[in-house]
Amino acid sequence: RESNEPISVNKLQTLLPKATEPPEPAPVEVKKLGYVGKKPGKASESDHWHTPEEFTNAARDVMGSIDLDPFSSESANSTVGATHILTLADNAIESEWAKPDIRTCWMNPPYSKGASSAAVEKFLDQYDIGAFDQGIVLMNSSTDTNWFHRMANVATALCFTQGRIQFIGTGGRKTSGNTKGQVFFYFGKRVKTFQKVFSEYGLVLVTENI
């Protein structure tokens, strides 16, 4: 089902658990992490899970294109098909994302603690300066975290998935280790299109951030 009536961020936050995530890592720690796993230089297994093609195709249906995937690899992009990607070697946290031909962004960042928060901050910063006009972000629906509430305060719509996504692991095999639900955050003006496309995957809520 979907909600056709906009919901204010304040109302949304009253429906969600309060943020209980520990304080953000110090800037030097975030920089050191880049976007790899729980410890500097060590990635967790889930950091290498790729998004199933049906969801990146849905994102493309909404935005018209995927111009940038800032947390990617050559193998992941064989499915995503973004015009521009940033790999681990490029360090998306430190790189500039803006290019003249980038207007849309797809982001499925690593979910390791510290890395996800750093990715969110970078995405919101780049969206704020106009590096892209539309973006879709796939994250765990960790409604008690600070980063979730930061995203919800800016997104124009959200889709809470019904059921868990089977990500693509090493060797192209579907994973069975996903223990959480997911949420798609949409940033942009094609809210009705996002509602139509993503209502297939779960509950769509429209915010008042349009």
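The exercises below, each with a worked solution, concern a predicted model of a protein chain.

**Exercise 1. The chain as a whole**

Determine how many helices and strands the protein chain has, and in which order its elements run.

Solution. Step one is the count: the chain has seven helices and seven strands. Step two is the order, which from the N terminus reads α-α-α-β-α-β-β-α-β-α-β-β-α-β. Step three turns to burial and contacts. Of the 210 residues in the chain, 52% are buried. Among contacts with a separation of 6 or more, 73% are between residues 24 or more positions apart. Finally, the exposed area is about 10400 Å², and carbon and sulfur atoms supply 49% of it.

**Exercise 2. The surroundings of β5**

Establish how far strand β5 is enclosed, and with which strands β5 pairs.

Solution. Begin with burial. All five of the five residues of β5 are buried, so the strand is largely enclosed by the rest of the structure. Next, separate the two faces: Ala157, Cys159 and Thr161 lie on one side, Leu158 and Phe160 on the other, and both faces are covered. Then consider the pairing. With β6, the strand β5 forms an antiparallel pairing over four bridges. With β7, the pairing of β5 is likewise in the antiparallel sense, over five bridges. Cysteine 159 serves as a reference point in both pairings: opposite this residue stand phenylalanine 184 in β6 and valine 204 in β7.

**Exercise 3. The packing of α7**

Identify the buried residues of helix α7 and the elements they pack against.

Solution. First, locate the helix, which spans residues 191-198. Its buried residues are Val191, Phe194, Gln195, Val197 and Phe198. Second, list their packing partners: α3 (53-63), β4 (134-140), β5 (157-161), β6 (182-187) and β7 (202-206). Third, follow two of these residues further. Phe194 and Phe198 both belong to a cluster linked by ring pairs, together with Phe55, Trp106, Phe184, Tyr186 and Tyr201.

**Exercise 4. Two aromatic pairs**

Classify the ring pair of phenylalanine 55 and phenylalanine 184, and that of tyrosine 127 and phenylalanine 187.

Solution. A pair of aromatic rings is described by the distance of the centres and the angle of the planes. The structure holds 17 aromatic pairs. For phenylalanine 55 and phenylalanine 184, the centres are 5.6 Å apart and the planes stand at 35°, so this pair is tilted. Its members come from distant parts of the chain, with phenylalanine 55 in helix α3 and phenylalanine 184 in strand β6, 129 residues apart. Both phenylalanine 55 and phenylalanine 184 are buried.

For tyrosine 127 and phenylalanine 187, the centres are 5.4 Å apart and the planes stand at 70°, so this pair is edge-to-face. Here too the pair links distant parts of the chain: tyrosine 127 lies in helix α5 (residues 115-128) and phenylalanine 187 in strand β6, 60 residues apart. Burial is then assigned with the cut-off of under 20% relative accessible area for buried residues. Tyrosine 127, at 21%, is partly exposed, whereas phenylalanine 187, at 0%, is buried.

**Exercise 5. Phenylalanine 184 in the core**

Find which residues of the largest nonpolar core touch the most other members, and which residues phenylalanine 184 touches.

Solution. In soluble globular proteins, nonpolar side chains tend to be buried together. The largest nonpolar core in this model has 55 residues. Those touching the most other members are Trp97, Phe123, Ile136, Phe184, Phe185, Phe194 and Phe198. Now take phenylalanine 184 alone, leaving aside residues up to four places away in sequence: its contacts include Phe55, Trp106, Ile136, Leu158, Cys159, Phe194 and Phe198.

**Exercise 6. Three individual residues**

Decide whether serine 116, threonine 51 and leucine 88 are buried or partly exposed.

Solution. Serine 116 is situated in helix α5 and, at 6% relative accessibility, counts as buried. Beyond four places in sequence, serine 116 touches Pro110, Tyr111, Met139 and Trp147.

Threonine 51 is in the loop between α2 (27-33) and α3. With a relative accessible area of 6%, threonine 51 is buried, and a polar contact of 2.7 Å joins its side chain to that of asparagine 108.

Leucine 88 is in the loop between β2 (84-85) and β3 (104-107); at 48% relative accessibility, leucine 88 is partly exposed. The C-alpha atoms of leucine 88 and phenylalanine 71 are 7.2 Å apart, and the two residues are 17 residues apart in sequence.

Conventions:
Residues numbered from 1 in each chain as written. Predicted model: local features only at pLDDT ≥ 70, side-chain atom pairs only at ≥ 80, totals over all residues. Heavy atoms only, no water. Buried < 20%, exposed > 50% of the residue type's maximum accessible area, 1.4 Å probe, protein only. Contact = heavy atoms within 4.5 Å. Pairing = 2+ DSSP bridges. Phe/Tyr/Trp six-rings, centres within 6.5 Å; stacked < 30°, edge-to-face > 60°. Core = buried A, V, L, I, M, F, W, Y, C linked by side-chain atoms within 4.5 Å. Areas by Shrake-Rupley, 256 points an atom, 1.4 Å probe, with all protein chains shown as cover. Polar contact = N/O pair within 3.5 Å; in protein donor to acceptor, adjacent residues only side chain to side chain.
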